[in-house]
Amino acid sequence: ADTIGISAADLIGKNVSIGHNSCIGPEVEIGDNAIIRKNVVICAKVKIGRNCVIKDNTVIGSEGVGFEYDENEVPMHFPQIGEVVIGNNVWIGSNTTIERGTFEKTVIGNNILIEDVVQVGHNCIIGDNTFISGGVIICGSVIVGKNCWLAPNSVIREGIKIGNKGF
């Protein structure tokens, strides 16, 4: 069994609600009792746990800004082919973006509250029981421990690690 409690043969769990104009891509798994509101885009390779709420106009699993410079210092697109794993009992606010991992996973733990207008970059790991206030930008490869609180409109630079109970 996987971490969100549904098998590959059963990609959408029981009692799932999907709002108008939402788009669910291939290789998406949605756990029981999830609520996907209006105009949500869930791209490929996303696993969403049980009892989650995803509010209007949210995008989960899209590519982030993945560019590397060539020998002439010209930016070249670097594809992001990883996935997103969202735990159980997660609330994701409106107009939020959660990018898929470059090669690995972007992970949102269990019992997470993400307010409106939040950006979560590629390869981030957000620990259980964390509260992310509105307007927060979490750059790529950030690790946030368990039981943390991220203040409104804060920016967490790429590669930063915040320990458990961090504020």
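**Close-up 1. Glu63 and its salt bridge with Arg100.** In this predicted model, Glu63 is partly exposed, with a relative accessibility of 33%. The side chain of Glu63 meets that of Arg100 in a salt bridge, with 3.8 Å from N to O. Here the bridge links distant parts of the chain: Glu63 sits in the loop between β8 and β9 (67-69), while Arg100 belongs to the loop between β13 (97-99) and β14 (105-108), 37 residues apart. Is Arg100 buried or exposed? With 16% relative accessibility, Arg100 counts as buried, whereas its partner Glu63 counts as partly exposed.

**Close-up 2. Asp116 meets Lys55.** Here the side chains of Asp116 and Lys55 come together in a salt bridge, at 3.4 Å from N to O. Asp116 is found in the loop between β15 (113-114) and β16 (119-120), and Lys55 in the loop between β7 (53-54) and β8 (59-62), so this pair ties together parts of the chain that are 61 residues apart in sequence. Take a look at how each residue is placed. Asp116 has a relative accessible area of 33%, which makes this residue partly exposed. Lys55, with a relative accessible area of 19%, is buried, because buried means under 20%.

**Close-up 3. Arg157 and Glu158 form a salt bridge.** The side chains of Glu158 and Arg157 meet at 3.2 Å, N to O. How do the two residues compare with the cut-off for exposed, which is over 50%? Arg157 counts as exposed, at 56% relative accessibility. Glu158, at 46%, counts as partly exposed. If you would like to place this view in the wider picture, a search of the whole structure finds four salt bridges, and the pair shown here is one of them.

**Close-up 4. Strand β11 and its partner β6.** Strand β6 covers residues 46-48 and strand β11 covers residues 83-86; the two run parallel and are joined by three bridges. To find your way along this pairing, start at Val46, whose bridge partner in β11 is Val84.

**Close-up 5. Strand β11 and its partner β14.** Which strand do four bridges join to β11? That strand is β14, and the two run parallel. A handy landmark is Ile86, which stands opposite Ile108 in β14. When you follow a strand in a view like this one, keep a simple pattern in mind. In a regular strand, side chains alternate between the two faces of the sheet. Together with the previous view, this one shows β11 joined to β6 by three bridges and to β14 by four.

How values were computed. Residues are numbered from 1 along each chain as its sequence is written. This is a predicted model: local features need pLDDT of at least 70, side-chain atom pairs count only at pLDDT 80 or more; totals for chains, interfaces and linings use all residues. Side-chain values use heavy atoms; hydrogens and water are left out. Buried means under 20% relative accessible area, exposed over 50%, partly exposed in between (1.4 Å probe, protein chains only). Two strands pair if DSSP finds at least two bridges between them.
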